[in-house]
Amino acid sequence: MEAALSGLAALADPGLLLLVLAATVGGVVIGALPGLNATTGAALLLPFTLTMEPIAAIAVLTTIYCSATFAGAITAILINTPGTSASAATCLDGYPMAQRGEAGRALGMAAVSSTIGGILSVVCLMLAAPLLARAAYNFAPPEYFALTLFGLSMLASIGDGSPLKNLMSGAFGILLATVGIDLLTDVERFTFGMPELTTGIGFVPVMIGIFGISELLIQANSLGDLRERISVKTIRLPSLADYRKTWKTIARSSGIGTFIGILPAEGATVASMIGYNEAKRWSRTPEEFGKGAIEGIAGSEAANNSATGGAMVPTLALGIPGSPTAAVILAGLMVHGLRPGPAMFTQQAEFAFAIFWSMMLVNVLFFGIGLAGAKVFARVSLIPTRVLWPCVFVFSVIGAYALDQSMLDVWIALAAGVIGFFMRRYGFSVVPLAIGLILGDMLETRLGQSMVMLDEKWWLLFTRPLALFFFALTALALFGPLIWKIAARLAVRRKNAGR
């Protein structure tokens, strides 16, 4: 309780409150722009937070995360183009409602369900993260190594690519993490005689490249696209009848989103799809879905916003990112010299709770800002891409250079952007690469510490119950789907043979 009150007091600083307010507006603008999303926005702003105090820096990044996730619903409803992938399911019923003149009602429901889902997930974050950290407080290096390996195994299910391509992308990220001097052996690896690479490849330039510059190159193919926008006269809150129809959906989707967010490597997009499908499955009128069902908006928006708080649980408590944007926030924590994990809730509890309260605040702020300014933010979506993306490129270059005033970081960002472009073009997701880069260093460090602790006897890793449990989960995550498919095929063959 004392830590929670101290965190709230730290957030009461007027300058920090003004910064959170500005970040909320900026996050809504980012989320309302098709092509940009919370991950890209956080990656572009990451280098500009390095001059801030740690609480302010992470508060800005989490504010962008929450507000941009909500704002994707604005363009999803008004122009049938989700501002973020997490709002893709909102298009299915939001745009049909807008077409029949109910855009204001749809936006009101999106704001209410997003706010409720976000607040409930932050409450769960406040309760679950310290408990999870306390459970992991007695972890030794072998347990952390096994846990990190399990987090990497989840890369198979993240992103748009096939599981194999996702794992290949993650492996490439781990390879990049090996660049530099090995702290255990003092051996230089893959530096090619460049002193600047002895400290390794920085998170920030790579994040800017694969999320910002690669998206610029992707969007270059749609410079001439025109979008039709449906005008909205007034935004109105849901009626009492709407609340009666959707309160169960909002509660159910909030729980689903929080749970999906907690799972390593999942995120708001997966949560919104599951929340929407469950809303349809439990609805008394499933035939209305896809034609303008207000339950569809409630199910999608409550789930994707509740996933933001859920994703921060493993990020802060274990150092395992719960979503792509959480991976960027984790990088922000690390460049500020903060190490997520159990120690954060014992040695830096005030910091952790300040972040929790800032996420609670932004969920309230974007409710008012979204309702009051939805019409203005909808116009932002009409900014020509030939104007928008050159500005993004300039910010990307400045952000990459600002970190260490090094042109090498600019070249790394540009190279990462080109690599990210070709990866996405050929079906490889860039998200596993980012997470692999972050977790790769952790994996190597924990393995080295484990070998020292176990006197180089690696097989003793399998004698530790918790480590063995995480190894089993890793094997299940990697080979479970394949085993399930083989079992299903054998069952079909037996069934056909018995006929």
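Let me start with Ser253, which counts as buried, at 1% relative accessibility. This is a predicted model, and every value I quote this morning is computed from it. Ser253 sits in helix 10, the element that covers residues 240-262. Leaving aside residues up to four places away in sequence, the contacts of Ser253 are with Gly275, Gly299, Ala302, Ala303 and Ser306.

For orientation, let me turn to the chain as a whole. It comprises 19 helices and 2 strands. Of its 499 residues, 55% count as buried. If we take the contacts between residues at least 6 apart in sequence, 79% of them join residues at least 24 apart.

I now come to helix 5, residues 88-99. This helix has 12 residues, and from its first C-alpha to its last it reaches 17 Å, close to the 16 Å expected at 1.5 Å a residue. Is helix 5 enclosed by the rest of the structure or open? Buried means under 20% relative accessible area, and 9 of the 12 residues of helix 5 are buried, so the helix is largely enclosed by the rest of the structure. The buried residues in question are Ala89, Thr90, Cys91, Asp93, Gly94, Tyr95, Pro96, Met97 and Ala98. Asp93 is thus among the buried residues of this helix. Just after helix 5 comes Gly101, where phi is positive, at about 90°.

Next, helix 18, residues 431-453, which I shall discuss through two of its packing partners, helix 9 and helix 13.

The partner I take up now is helix 9, residues 203-219. Helix 9 and helix 18 pack with their axes 10 Å apart, at an angle of about 175°. Angles over 145 degrees count as roughly antiparallel, and that makes helix 9 roughly antiparallel to helix 18. On the helix 9 side, the contact is made by Phe203, Val206, Met207, Ile210 and Phe211; on the helix 18 side, by Val431, Leu433, Ala434, Leu437 and Ile438. What is the character of the residues in the contact of helix 9 with helix 18? They divide into 10 nonpolar, no polar and no charged. As a general point on spacing, an α-helix has 3.6 residues a turn, so residues three or four places apart point the same way.

The other partner is helix 13, residues 324-335. Its axis and that of helix 18 come within 10 Å and cross at roughly 35°. This crossing is left-handed. Pro324, Ala327, Leu330, Ala331 and Met334 of helix 13 meet Val431, Ile435, Ile438 and Met442 of helix 18. Here the residues of the contact divide into 9 nonpolar, no polar and no charged. Val431 and Ile438 of helix 18 appear in the contact with helix 9 and also in the contact with helix 13.

I close with two backbone details in loops. Which residue between strand 2 and helix 9 deserves a remark? Phe190 lies in that loop, and its phi is near 55°, a positive value in a residue other than glycine. At 46% relative accessibility, Phe190 counts as partly exposed.

The second case is Glu456, in the loop that runs between helix 18 and helix 19. The phi of Glu456 is near 65°, again a positive value in a residue other than glycine. Glu456 is exposed, with a relative accessible area of 54%.

Terms used. Residues numbered from 1 in each chain as written. Predicted model: local features only at pLDDT ≥ 70, side-chain atom pairs only at ≥ 80, totals over all residues. Heavy atoms only, no water. Helix = DSSP H or I, 4+ residues; strand = E, 2+ residues; numbered from the N terminus. Buried < 20%, exposed > 50% of the residue type's maximum accessible area, 1.4 Å probe, protein only. Contact = heavy atoms within 4.5 Å. Expected span 1.5 Å × (residues − 1). Axes fitted to C-alpha atoms, helices over the stretch in contact; angles between N-to-C directions. Parallel < 35°, antiparallel > 145°, perpendicular 65-115°, else oblique. Nonpolar A, V, L, I, M, F, W, Y, C, P; charged D, E, K, R; others polar. Left-handed = near helix turned anticlockwise from the far one by under 90°.
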